[in-house]
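Work through the exercises below with the sequence and the structure open. Each task is followed by a solution in steps.

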Amino acid sequence: MGMSYPQGRRSKSLGTQRSPLRKEYRSESIPRYVGLYQSGELQRRSEALESRLASCDICPRDCRVDRLHGKSGFCRSGHLPVVSSVCDHHGEEPVISGTKGTGAIFFGNCNLKCVYCQNHQISQDAAHQQGKDITPRQLAERMMYLQDVLGCHNISFVSPSHFVPQLVTALCEAVPRGLRVPLVYNTNSYDSVDVLKQMDGIIDLYLPDLKYADDKLAVKYSQAAHYVQHARESIKEMYRQVGDLALDDAGLARSGVIVRHLILPNELAGSRESLGWLAREVSPSITVSVMAQYYPVHRAPRVPLLSRRISAAEYAGVLDMLDEFKLQNGWVQGLDAAENYQPDFQRQGHPFVLSRAV
Ligand code: SF4
């Protein structure tokens, strides 16, 4: 999770012929989560979600551990949110990053264990995330910093699936302080549909990965049982909530779903099955961001089928599939993207050279 889109590396902008992106928001439109706060619904959802941490079923792993009292499950996360990095990030899709960047909040730990994770320093090294847990109030302050000091267009929660209750609780503190920018849920899609339903009206933009079309590969490379079913049901729920991508009058994303598909070598991502499913079962109008930035990191150099970057033929084959399935809306990374995007969460100050960090 947490794939990014190197700025200026777009090789092909899909959808220019059909003018598919709706512009129906004014830049100053008030997000729906403000209304949920004012009605008391946001607080109610926060309490309902927090109570589930006592026997955690926040994601499909259904660990049933008591995270309110010091226990942790597969994600090795307790009650307080672990925040590994907060920065203005300029490497996402152009309608997300705009000119001022997205306000990225990178949560520590993860509910997947991908052998090729580019964010493995923060997602799979729980020992080094100790001491990075913060209170909901501090998380709300980070949001306000990103909005008011750095001027970010939106707030992106990166790898948030295991911290949804904490995220909503923090919003209850941030909205009365003046939070008004759109909220982005940037997920590996190993989400619980039941929990996602609690986010209806809170999240404006969903950026779900669609990683695999074969459960055996999902288990082998991400330790994710039944990934295909969970991810597909999650994406359908996200699309039900916010639908196709819509822009504001400044050309920035205001609501909708952008599905991210990372091409893996040796067809391990099941691109044909996944893209065909999207067109058939969700909608050919859905926005798709095809990512070519795969490079072998973490354990991948020792995994034969994952130990190289994608080939030009594999890349061209996936682009042809977009045409075949008439998926006309979205972006495609250049084949050289892997050379331009390598986050380092141990770099002093921030993980991205062009970004500023809190
Ligand atoms: S959020 Fe963590 S503890 Fe809860 S079910 Fe998922 S992996 Fe298990």
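**Exercise 1.** Locate Asn266 and classify its exposure.

Solution. Asn266 sits in the loop between strand E9 (253-262) and helix H11 (271-282). Helices (H or I, at least four residues) and strands (E, at least two) are DSSP runs, numbered from the N terminus. This is a predicted model, in which local features need pLDDT of at least 70 and side-chain atom pairs count only at pLDDT 80 or more, while totals for chains, interfaces and linings use all residues. Residues are numbered from 1 along each chain as its sequence is written.

Next, apply the exposure cut-offs: a residue is buried if 20 or more other C-beta atoms, placed from the backbone, lie within 10 Å of its own, exposed if 12 or fewer, and partly exposed in between. Asn266 has 13 other C-beta atoms within 10 Å, so it is partly exposed. Its backbone has a positive phi of about 60°, although Asn266 is not a glycine.

**Exercise 2.** Ser189 also has a positive phi; find its place in the chain and state whether it is buried or exposed.

Solution. Phi of Ser189 is near 75°. The residue belongs to the loop between strand E6 (183-187) and H8. Ser189 is buried because 27 other C-beta atoms lie within 10 Å. At the end of helix H8 (residues 193-197), Lys197 can be treated in the same way. Lys197 has 12 other C-beta atoms within 10 Å and is therefore exposed. The C-alpha atoms of Lys197 and Arg240 are 9.9 Å apart, with their positions 43 residues apart along the chain.

**Exercise 3.** Trace the strand pairing from E3 to E6 and give the sense of each pair.

Solution. Two strands pair if DSSP finds at least two bridges between them.

- Step 1: strand E3 (residues 83-89) and strand E4 (residues 102-107) are antiparallel, with six bridges. Asp88 faces Gly103 in E4.
- Step 2: E4 and E5 run parallel, over four bridges. The bridge partner of Gly103 in E5 is Ile155.
- Step 3: E5 and E6 are also parallel, again over four bridges. Here Val158 stands opposite Asn186 in E6.

Then check the cover. In E3, seven of its seven residues are buried. In a regular strand the side chains alternate between the two faces of the sheet. In strand E5 (residues 155-158), Ile155 and Phe157 lie on one side and Ser156 and Val158 on the other, and all are buried.

**Exercise 4.** Which residues have the most contacts inside the largest nonpolar core?

Solution. A nonpolar core is a set of buried Ala, Val, Leu, Ile, Met, Phe, Trp, Tyr and Cys residues joined through C-beta atoms within 7 Å. The largest has 97 residues, and Ile105, Leu171, Val257 and Ile263 have the most contacts inside it. H7 gives the largest share of this core, eight residues. Two residues are in contact if their C-beta atoms, placed from the backbone, lie within 7 Å. Leaving out residues up to four places away in sequence, Ile105 touches Val83, Val86, Arg142, Ile155, Ser156, Phe157 and Val158.

For the protein chain as a whole, 51% of the 358 residues are buried.

**Exercise 5.** Which residues of H2 are buried, and what do they pack against?

Solution. In helix H2 (residues 41-51), the buried residues are Leu42, Arg45 and Ser46. Viewed down the axis of H2, they fall within an arc of 105° (taken from the directions from the helix axis to the C-beta atoms), so they line one face of the helix. They pack against helix H1 (32-39) and helix H7 (164-177). Ala48 and Ser51 are exposed on the face turned away from the buried side.

**Exercise 6.** Place Val297 and list its contacts beyond its neighbours within four places in sequence.

Solution. Val297 is in the loop between strand E10 (287-291) and helix H12 (312-324). It has 18 C-beta neighbours inside 10 Å and so counts as partly exposed. Its contacts are Tyr116, Gln118 and His120. Val297 and His120 are 177 residues apart in sequence, yet 8.6 Å apart from C-alpha to C-alpha.
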